[in-house]
Amino acid sequence: MRLADMHIHTTFSPDGKSSMEEQCIKAIEIGIPIICFTDHVDFNSSEINVGRIINKASTNFDVSEYFYEVNRLRRIYNSIQILIGIEFSEPHLFPTEFEDYSSMPFDYILGSIHHCYGSVFPGAKNIEESKAIDEYYNLMLKSIQTCEFQAMAHIDFPRRYFDNWNVSDTIMDEILNAMIKKDIILEVNTSSIMNASDEPLPRYSIIDRYVQLGGRRVVLGSDAHISVKLGNAFSSVVRKLPNTCVIGYFKNRVFYEL
Ligand SMILES: [Zn+2]
Ligand SMILES: [Zn+2]
């Protein structure tokens, strides 16, 4: 099947290592015909999360440069479809900024939660795992309920930080039901996969639950910050998804099945 990588970072993100052009070349090399850049738009990261950020004004990329570069690359690499999106952190906490970015002609807005307690998850040092996770999902639910975006990124992100990670079924059901109700799509994020036995974010049991509750549409995202990770483990993950899942991509914020 054709694949689309709907979560790619570039040097427009403070933690991105590969240029947009390097990501395009990689996509052509490995045969992924549709890619979407989703560089960070983050009004919460004035702290230490990515080292180089010192003040909020320098956090985010220049939007006109971002569009200019995508348009330049579309002319050069016209054998692939290059979509333009953003990954917006904690959208509900920055309603004015979110509205401003939403009014721009992005193909795709990926919502995500990276921060709680004033810093990158789990936030405060030595915080109890269950408290950090509760706060993380409270923020996620609020962002889903109050903002319009196309997909929710890496739903079990806390797994990157806590080994024996757990979340109550009640909270997860509430999140998934809110997403389904608003047609916010589940992202299957493959950045967690290093070995054949690894699971994506979210893990398969949560994807199964999304389907049980009535969710069908999913997007795949490698969350590649460097080109070698583009399309990471896509073919093996696709084989393990429930067969009622519809994999797709967004153009002009409209979902298309692959
Ligand atoms: Zn993210
Ligand atoms: Zn990302």
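Is Asp223 buried or exposed? Hold that thought for a moment, everyone, while I set the scene: what we have here is a predicted model. And the answer is that Asp223 is buried, with a relative accessible area of 7%.

Asp223 belongs to a metal site, so let's go there. The zinc ion (ligand 2) is held by four residues: His7 and His9, each through NE2, Glu87 through OE, and Asp223 through OD. The coordination distances run from 2.0 to 2.3 Å. Along the chain, these donors follow the spacing H-x1-H-x77-E-x135-D. What does that do for the fold? His7 sits in strand β1, residues 4-8, while Asp223 is in the loop between β9 (217-221) and α7 (234-240), so this pair ties together parts that are 216 residues apart in sequence. His7 is buried as well, at a relative accessible area of 0%.

Now, the geometry. The angles subtended by the four donor atoms go from 80 to 169 degrees, which makes the arrangement irregular. There is also a neighbour to point out: the zinc ion (ligand 1) lies 3.4 Å from the zinc ion (ligand 2), and Glu87 coordinates both.

Let me finish with a pair of helices. The axes of α1, residues 20-30, and α2, residues 63-76, come within 10 Å and cross at roughly 35 degrees. That crossing is right-handed. On the α1 side, the contact is made by Met20, Glu21 and Cys24, and on the α2 side by Tyr66, Glu69, Val70, Arg72 and Leu73. Sorted by class, that gives five nonpolar residues, three charged and no polar ones. Thanks, all!

Terms used: Residues are numbered from 1 along each chain as its sequence is written. Chains are lettered from A and ligands numbered from 1 in the order in which they are written. This is a predicted model: local features need pLDDT of at least 70, side-chain atom pairs count only at pLDDT 80 or more; totals for chains, interfaces and linings use all residues. Side-chain values use heavy atoms; hydrogens and water are left out. Donors are N, O and S atoms within 2.8 Å of the metal (3.2 Å for Na, K and Ca); water is not among the atoms, so sites may look incomplete. Four donors count as tetrahedral if all angles lie between 85 and 135 degrees; four count as square planar and six as octahedral if opposite donors are over 155 degrees apart and all others between 65 and 115; anything else is irregular. Helices (H or I, at least four residues) and strands (E, at least two) are DSSP runs, numbered from the N terminus. Buried means under 20% relative accessible area, exposed over 50%, partly exposed in between (1.4 Å probe, protein chains only). Axes are lines fitted to C-alpha atoms, for helices over the stretch in contact, and angles run from 0 to 180 degrees between N-to-C directions. A crossing is left-handed if the near helix is turned anticlockwise from the far one by less than a right angle, and right-handed if clockwise. Contact means heavy atoms within 4.5 Å. Ala, Val, Leu, Ile, Met, Phe, Trp, Tyr, Cys and Pro count as nonpolar, Asp, Glu, Lys and Arg as charged, and the others, Gly among them, as polar.
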